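This report describes how the helices of one protein chain are arranged and packed, moving from the overall fold to individual contacts and then to selected residues.

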Amino acid sequence: MITIDLGSGIVATIILIWLTYLGWKRGFRFMLSIALFTTVAYLLTVSAGGFLVGFVNRVYTNLPRLGAFALGQDPGAVGQFDPLIPDNFQSPLLLRVLVFVALLAVGIGYSWPWEAKVKPGDRKMELLGALTGLYIGVLAISAIATFWAQTAGTLGLPNPVIAALNAFPDFSGIIPSTITAFFILLVVIILLRFNQVWKP
């Protein structure tokens, strides 16, 4: 009988291997949009912490004053709305998770001008695609680990799922360097192949 220990980090390892392989098969151009949107999602919902929630609440609460200003009235004489997102434990975290998933879905679901599957044997694009897939995996796993840690185990999930999530590594210590390296690579590629960037 074979027993798989989900608490050993095997799930995170499988995700990294699968995304690296997917990047190798699909190529750099295909994985680029996913990587870009994953980066934006990570910076906005993980690195920025409560910035997103605070921004949404500030805009919503000040809508009456903005309306009064647009109508030429005194904004100070108008009341404010109550915050749209309650200041409790679940709501801000839920918004951040939903925004992360939504941005990731946009990166996956939409076709962008630069997207194209790699031609078999194009080792440069295959290697860059594999590295980009690994990069996406590192960001996604770190985001999941961060979100899970902030739930403090309050979600009633099955024990195997909890064991797998508890074993997800937190790469937050290397994320800034990883994102910087990715954008440096992107700039170098654009400079080297500027005339082919938008070519299908």
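## Overall fold

From the N terminus on, the elements of the protein follow the order α-α-α-α-α-α-α-α, and the count is accordingly given as 8 helices and 0 strands. The model is a predicted one, and what follows should be read with that in mind.

Of the 200 residues in the protein, 32% are buried. When contacts between residues at least 6 apart in sequence are considered, 78% of them join residues at least 24 apart.

## Packing of α1 against α6

Helices α1 and α6 pack with their axes 6 Å apart and at an angle of about 150°. Because an angle over 145 degrees counts as roughly antiparallel, α1 is roughly antiparallel to α6, and the crossing of the two helices is right-handed.

On the α1 side the contact is made by Ala-12, Ile-15, Leu-16, Leu-19, Thr-20, Gly-23 and Trp-24, while α6 contributes residues including Arg-123, Glu-126, Gly-129, Ala-130, Gly-133, Gly-137 and Ile-141. By class, the residues of the contact of α1 with α6 divide into 11 nonpolar, 5 polar and 2 charged.

Thr-20, which lies in helix α1, offers a local view of this contact. With a relative accessible area of 24%, Thr-20 is partly exposed, and, residues up to four places away in sequence not being counted, Thr-20 touches Ala-130, Gly-133 and Leu-134. The C-alpha atoms of Thr-20 and Ala-130 are separated by 4.5 Å, although the two residues are 110 residues apart along the chain.

## Packing of α8 against α6 and α2

The axes of helix α6 (residues 123-151) and helix α8 (residues 175-192) come within 11 Å and cross at roughly 150°. That angle makes α6 roughly antiparallel to α8, and α6 passes α8 in a left-handed crossing. In this contact Leu-128, Thr-132, Tyr-135, Val-138, Leu-139 and Ser-142 of α6 meet Ile-175, Thr-178, Ile-179, Phe-182, Leu-185 and Ile-189 of α8; the residues of the contact comprise 9 nonpolar, 3 polar and no charged.

The axes of α2 and α8, in turn, come within 12 Å and cross at roughly 140°, which makes α2 oblique to α8. Here too the crossing is described as left-handed, with α2 passing α8. The residues that make the contact are Phe-28, Leu-32, Ala-35, Leu-36, Thr-39, Tyr-42 and Leu-43 of α2, together with Ile-175, Ile-179, Phe-182, Phe-183, Leu-186 and Ile-189 of α8. By class, the contact of α2 with α8 has 12 nonpolar residues, 1 polar residue and no charged residues.

Ile-175, found in helix α8, appears in the contact of α8 with α6 and in that with α2. At 3% relative accessibility Ile-175 counts as buried, and, its neighbours within four places in sequence being left aside, Ile-175 is in contact with Tyr-42, Val-138, Leu-139 and Ser-142. Between Ile-175 and Leu-43, which are 132 residues apart in sequence, the distance from C-alpha to C-alpha is 9.9 Å.

## The nonpolar core

The largest nonpolar core has 30 residues, and those with the most contacts inside it are Phe-28, Tyr-42, Tyr-135 and Ile-136. The elements that give two or more residues to this core are α1 (10-26), α2, α5 (90-109), α6 and α8, and the largest share, 10 residues, comes from α6.

Ile-136 is in contact with Leu-19, Met-31, Ile-34, Ala-35 and Thr-38, its neighbours within four places in sequence again being left aside. One of these partners, Thr-38, has its place in helix α2 (residues 28-47) and is buried, with a relative accessible area of 1%. Not counting residues up to four places away in sequence, Thr-38 touches Phe-100, Leu-104, Ile-136 and Leu-139.

Note on methods:
Residues numbered from 1 in each chain as written. Predicted model: local features only at pLDDT ≥ 70, side-chain atom pairs only at ≥ 80, totals over all residues. Heavy atoms only, no water. Axes fitted to C-alpha atoms, helices over the stretch in contact; angles between N-to-C directions. Helix = DSSP H or I, 4+ residues; strand = E, 2+ residues; numbered from the N terminus. Parallel < 35°, antiparallel > 145°, perpendicular 65-115°, else oblique. Left-handed = near helix turned anticlockwise from the far one by under 90°. Contact = heavy atoms within 4.5 Å. Nonpolar A, V, L, I, M, F, W, Y, C, P; charged D, E, K, R; others polar. Buried < 20%, exposed > 50% of the residue type's maximum accessible area, 1.4 Å probe, protein only. Core = buried A, V, L, I, M, F, W, Y, C linked by side-chain atoms within 4.5 Å.
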